[in-house]
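Here are a few short exercises to work through with the model open beside you. Try each one yourself before reading the solution.

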Amino acid sequence: MDHVETILQQWRRERPDLDVAPMGLLGRLGRLYAHLDRELEALLAQHSLNRASFDVLATLRRSGEPFRLSPGDLLATTMVTSGTMTNRIDQLEKQGLVQRIPNPQDGRSVLIGLTSQGLAVIEEAVTAHVENQHRLTRMLSQDEFAALDRLLATYLSAFEQS
């Protein structure tokens with residue numbers, strides 16, 4: 001029995017008129033997210049990154065060579081404001097992980113590109129990140145993993161399509 005089940009039993013006893021099943025699902029998702037978030041942040045900290053900086057570097061890396069995107073393209077991959085993205089880019093630039101490069105197709109704009117140091121950091125971090133994700137999902141059988149992935153994709157798509 002997990003912590004959420006204890007809470008559900010208490011509510012069922014105190015308010016048998018309420019259907020608290022969604023409380024269980026959402027409570028478990030929330031608690032699971034908190035556990036996973038701690039594990040992911042700890043791993044990223046080993047590479048002097050946080051989730052925000054990792055997100056920018058990983059987006060640039062997976063864009064392919066020459067590992068450059070416009071600030072607008074970076075912004076489109078996240079759910080943050082332009083001011084927040086500018087701050088992230090500024091911090092990464094101070095660390096020597098990204099650079100602003102004049103856009104050869106539009107002299108009025110810049111591209112954000114990985115530096116050689118930034119590429120080395122994200123290569124190491126993403127390798128460790130994927131290994132960590134495998135560790136965090138290892139307790140699920142292949143069938144459980146596939147079923148959970150399918151269910152979560154269905155649930156998430158209901159929110160993202162609206």
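**Exercise 1.** Leaving out residues up to four places away in sequence, find what Leu60 touches in this predicted model.

*Solution.* Start at Leu60 and skip its sequence neighbours up to four places away. What's left is Phe67, Arg68, Leu69, Leu74, Val98, Ile112, Gly113 and Leu114. Next, look at the largest nonpolar core, which has 21 residues. Leu60 is among those with the most contacts inside this core, together with Leu49, Phe54, Leu57, Leu74, Val98 and Leu114. Now for the elements: H2, H3 (51-62), H5 (82-94), strand S3 (106-114) and H6 (116-137) each give two or more residues. Helix H3 gives the most, with 5 residues.

**Exercise 2.** Is Thr59 buried or exposed?

*Solution.* First, place Thr59: you'll find it in helix H3. Its relative accessible area is 4%, and buried means under 20%, so Thr59 is buried. Finally, list its contacts beyond four places in sequence: Leu69, Leu74 and Thr77.

**Exercise 3.** Work out how helices H1 and H2 are oriented towards each other.

*Solution.* Take H1 (residues 3-14) and H2 (residues 21-45): they pack at an angle of about 150°, and their axes are 9 Å apart. Angles over 145 degrees count as roughly antiparallel, so that's what this pair is. The crossing of H1 past H2 is right-handed. From H1, the contact uses His3, Val4, Glu5, Ile7, Leu8 and Trp11; from H2, it's Met23, Gly24, Gly27, Arg28 and Arg31. Sort these contact residues by type and you get 5 nonpolar, 3 polar and 3 charged.

Conventions: Residues numbered from 1 in each chain as written. Predicted model: local features only at pLDDT ≥ 70, side-chain atom pairs only at ≥ 80, totals over all residues. Heavy atoms only, no water. Axes fitted to C-alpha atoms, helices over the stretch in contact; angles between N-to-C directions. Helix = DSSP H or I, 4+ residues; strand = E, 2+ residues; numbered from the N terminus. Parallel < 35°, antiparallel > 145°, perpendicular 65-115°, else oblique. Left-handed = near helix turned anticlockwise from the far one by under 90°. Contact = heavy atoms within 4.5 Å. Nonpolar A, V, L, I, M, F, W, Y, C, P; charged D, E, K, R; others polar. Core = buried A, V, L, I, M, F, W, Y, C linked by side-chain atoms within 4.5 Å. Buried < 20%, exposed > 50% of the residue type's maximum accessible area, 1.4 Å probe, protein only.
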